[in-house]
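User: I would like a close look at one part of this model, explained in plain terms.
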Amino acid sequence: RIREPILSLRQVLFTHFSLSSSCSLAWIAFSREARISRQFETADGALIQAQKHSKLPRIGLERARLMHARGDISEALRLLDRESQSGDVSSESESLRATIALLLGKWFEESGTKESREVIDAYRTAIFHAAQWEKAYFFLGQYYDKLLNNVNQSSSSSSSVSSKILP
């Protein structure tokens, strides 16, 4: 509630002084706040305003996060995949590339639509782009742990089945 008037003032000032990329970043921040507050229509409108001022790759990232928050994971994955494939991201920082790769990995894992190799590759891509970023290592390790637990459970269940069948 307190941040919204401040963000609105920033948007007006950036527009007045013709600072289009800064204005776009302010609209993205406004959209993020609206998304976190679960005001999806407001967040969508803020992203449209951000696109009017600039074509920053962060707009696509925020739109994907908005789709994910709405529960449309397949659309969010499609948008993120398009952002990772586009040439616009190369002009942006490596941290943006890492963020996109990390979200792809997390959402691949959440949706269960991709093979484990693709999830691991997404996490490794995030590590490649931001080697100092602990979050990517954490999620990769967490995913490896999940895979190990699944293997251990399947091997213990198969041994219990074989012990019931064999005398």
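User: Is His129 buried or exposed, and at what relative accessibility?

Analyst: This is a predicted model, in which local features need pLDDT of at least 70 and side-chain atom pairs count only at pLDDT 80 or more, while totals for chains, interfaces and linings use all residues. Residues are numbered from 1 along each chain as its sequence is written, and side-chain values use heavy atoms, with hydrogens and water left out.

His129 counts as buried, because its relative accessibility is 15% (buried is under 20% relative accessible area, exposed over 50% and partly exposed in between, with a 1.4 Å probe and protein chains only). The residue belongs to helix 8 (helices are DSSP runs of H or I with at least four residues, strands are runs of E with at least two, and both are numbered from the N terminus).

What surrounds His129? Leaving aside residues up to four places away in sequence, His129 touches Glu94, Arg97 and Ala98 (contact means heavy atoms within 4.5 Å). With Glu94 there is also a polar contact, side chain to side chain, at 2.6 Å (a pair of N or O atoms within 3.5 Å; within protein, one must be able to donate a hydrogen and the other to accept it, and residues adjacent in sequence count only if both atoms are side-chain atoms). Glu94 is thus named twice around His129: as a residue it touches and as its partner in this polar contact.

Helix 8 also takes part in an aromatic pair. The structure holds 3 such pairs (rings of Phe, Tyr and Trp, the last by its six-membered ring, with centres within 6.5 Å; planes under 30 degrees apart are stacked, over 60 edge-to-face, the rest tilted). One of them joins Tyr123 and Tyr143, whose ring centres are 6.2 Å apart and whose planes stand at 55°, so this pair is tilted. Tyr123 is in helix 8 (residues 116–129) and Tyr143 in helix 9 (residues 134–165), so the pair ties together parts that are 20 residues apart in sequence. Both tyrosines are buried: Tyr123 has 0% relative accessibility, and Tyr143 has 7%.

Another pair is made by Phe138 and Phe139. Their ring centres lie 5.4 Å apart with planes at 75°, so this pair is edge-to-face. Phe139 is buried as well, with a relative accessible area of 16%.

To return to the starting point, His129 is a buried residue of helix 8, and its side chain makes a polar contact with that of Glu94. In helix 8, Tyr123 is buried too, and its ring pairs with that of Tyr143.
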